[in-house]
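Hi everyone, thanks for coming. I'd like to walk you through one model today, so have a look at the sequence and the structure on the screen.

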Amino acid sequence: MATLYITGAGVSAQSGIPTFRGRDGYWTIGSQHYTPQEMATRAMYQHNPSQFLTWYYQRFATYRDHGPNEVHHWLKDKALITQNIDGLDGKAGNLDYISIHGRLDQVTLYHTQGEDVARFAAPWHQIDEANLTESLLDVFKISSKGPELNVSLKPYVLLFDEFYTELYQIDRAENMMKKASKIVFIGTSFSVNITQMALDIARYHHIPIEVVDPEPCHVMHPNVTYHKMTASEYIHSTSEIE
C-alpha cells in the first residue's frame, strides 16, 4: 500500500493559476449576469452555450499554456488524485494520475451522463479570439438550436449539476483510497464531494491522514496530522526528513 495524495487548487497557485475561493478565484468571478455557480453547470451549457463557453474559455482556457511547478514535479511518481483540471500533473510527467474533475486540455462529445465516451484533445488552437463567441460555437459544433447529443463538443469537466461517472474514473479513485496506507491532502478546502468520500473511507478503514495548507481546515478524523504550510514548504520539509 502506498501513500495517496489528493491535491486541490493550492498546488497550482505557484504556477500562476488562481485558486477557486481566493479574492480573484474562479468561484468569485462570474459573468455579467450569472454567478460562477450558475455558469459552471450542464444546464448553462445546454441552454446558453455561448455564455458558458465564453466564460469557460476566459476563466480556464487562458491558463492552458502554464507550466508545472516544483510540487507537480515532486508528485510525478506518486499515487495521485487531483481536483484540478489544469493538466499540470501530466505536464510534469505523472502518466497515471486521476484528474477527478476533468482536464482543460481535453473534450468529449456531448453525451448523456454515464454513457461510455472517448476523450480527445481540446481544439483551443482553432479558436479565433477576435470573434471569440462565434468561433467557440463553431469549433464546438453548436448550432442555434443548442448542443446536439453525440455531435457537439463539451469540455471534459465535471460541472456543479453533474455527478461522478466512470468518465472521471470514480471507481478507480475509490479503490485507491481504500488501499492507501496514508492519505495526504494538499491545498484543498474540503468543499467538494471527492474529499468527503476520501475522509469517510479513511475513517472507516482507519487510514491516517495529513492535511497540508497554510490555513488548514479542521477535519473530523481520529488520526490526522496538520501541516500549516504551503505545498512547496511541505515537499522541502519531507525531502529533509528523507
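Let me begin with how the elements are named: helices are DSSP runs of H or I with at least four residues, strands are E runs of at least two, and the numbering goes from the N terminus. With that in hand, Glu174 is found in helix 7, residues 170-179. I'll come back to that residue later. Please keep in mind throughout that this is a predicted model.

First, the overall picture. The protein comes to nine helices and nine strands. Its C-alpha atoms fill a box of roughly 55 × 35 × 30 Å, taken along the principal axes. How does the radius of gyration sit with a compact globule of 242 residues? Such a globule would have a radius of gyration near 18 Å, and the protein has 18 Å, so the two agree.

On the surface side, the protein exposes about 11900 Å², with carbon and sulfur atoms supplying 50% of that area. Of the 242 residues, 50% count as buried. Take contacts between residues at least 6 apart in sequence: 59% of them join residues at least 24 apart.

Now to my favourite part, helix 3. It runs over residues 49-59 and packs against helix 6, residues 132-139, at an angle of about 105°, with the axes 9 Å apart. That angle makes helix 3 roughly perpendicular to helix 6, because anything from 65 to 115 degrees falls in that class. Who meets whom here? From helix 3 we have Pro49, Ser50, Leu53, Thr54, Tyr57 and Gln58, and from helix 6 they meet Leu132, Thr133, Leu136 and Leu137. By type, the residues of this contact divide into six nonpolar, four polar and no charged.

Is helix 3 mostly enclosed or mostly open? Eight of its 11 residues are buried, so helix 3 is largely enclosed by the rest of the structure. Those buried residues are Pro49, Phe52, Leu53, Thr54, Trp55, Tyr56, Tyr57 and Arg59. You'll recognise some names from the helix 6 contact: Pro49, Leu53, Thr54 and Tyr57 are buried and also take part in that contact.

Moving along the chain, we reach the loop between helix 3 and helix 4, the latter being residues 70-74, and there we find Gly67. Pro68 is found in that loop too. Gly67 has 33% relative accessibility, so it counts as partly exposed. Pro68, at 25%, also counts as partly exposed. Leaving aside neighbours within four places in sequence, Gly67 is in contact with Ser15 and Leu88. Pro68, with residues up to four places away not counted, touches Ser15, His73, Leu88, Lys91 and Ala92. So much for the contacts; here are two distances. Pro68 and Asp89 are 21 residues apart in sequence and 6.9 Å apart in space, C-alpha to C-alpha. The C-alpha atoms of Gly67 and Asp128, 61 residues apart along the chain, are separated by 23 Å.

Next stop, strand 2, residues 79-82, where Leu80 lies. Buried or exposed? Leu80 is buried, because its relative accessible area is 1% and the cut-off for buried is under 20%. Beyond residues up to four places away in sequence, Leu80 touches Leu4, Tyr5, Thr7, Leu75, Asp89, Asn94, Tyr97, Ile98 and Met176. Its C-alpha is 8.6 Å from that of Ser99, which is 19 residues away in sequence.

Back to Glu174, as promised. At 26% relative accessibility, Glu174 counts as partly exposed. Its contacts, again not counting residues up to four places away, are Met197 and Ile201. Between Glu174 and Val151 there are 31 Å from C-alpha to C-alpha, with 23 residues of separation in sequence.

Finally, two backbone details to look at on the screen. Asn150, in the loop between helix 6 and strand 6 (153-157), has a phi near 65°, a positive value in a residue other than glycine. Phe190 has a positive phi of about 55° although it is not a glycine. Where is Phe190? In the loop between strand 7 (182-186) and helix 8 (193-204). Phe190 is buried, with a relative accessible area of 17%.

That's the tour. Thanks for listening, and I'm happy to go back to any part of it.

Key. Residues are numbered from 1 along each chain as its sequence is written. This is a predicted model: local features need pLDDT of at least 70, side-chain atom pairs count only at pLDDT 80 or more; totals for chains, interfaces and linings use all residues. Side-chain values use heavy atoms; hydrogens and water are left out. Axes are lines fitted to C-alpha atoms, for helices over the stretch in contact, and angles run from 0 to 180 degrees between N-to-C directions. Angles under 35 degrees count as roughly parallel, over 145 as roughly antiparallel, 65 to 115 as roughly perpendicular and the rest as oblique. Contact means heavy atoms within 4.5 Å. Ala, Val, Leu, Ile, Met, Phe, Trp, Tyr, Cys and Pro count as nonpolar, Asp, Glu, Lys and Arg as charged, and the others, Gly among them, as polar. The radius of gyration is taken over C-alpha atoms; the globule rule is 2.2 Å times the number of residues to the power 0.38. Buried means under 20% relative accessible area, exposed over 50%, partly exposed in between (1.4 Å probe, protein chains only). Accessible areas come from the Shrake-Rupley method with a 1.4 Å probe; for residues, only the protein chains shown count as cover.
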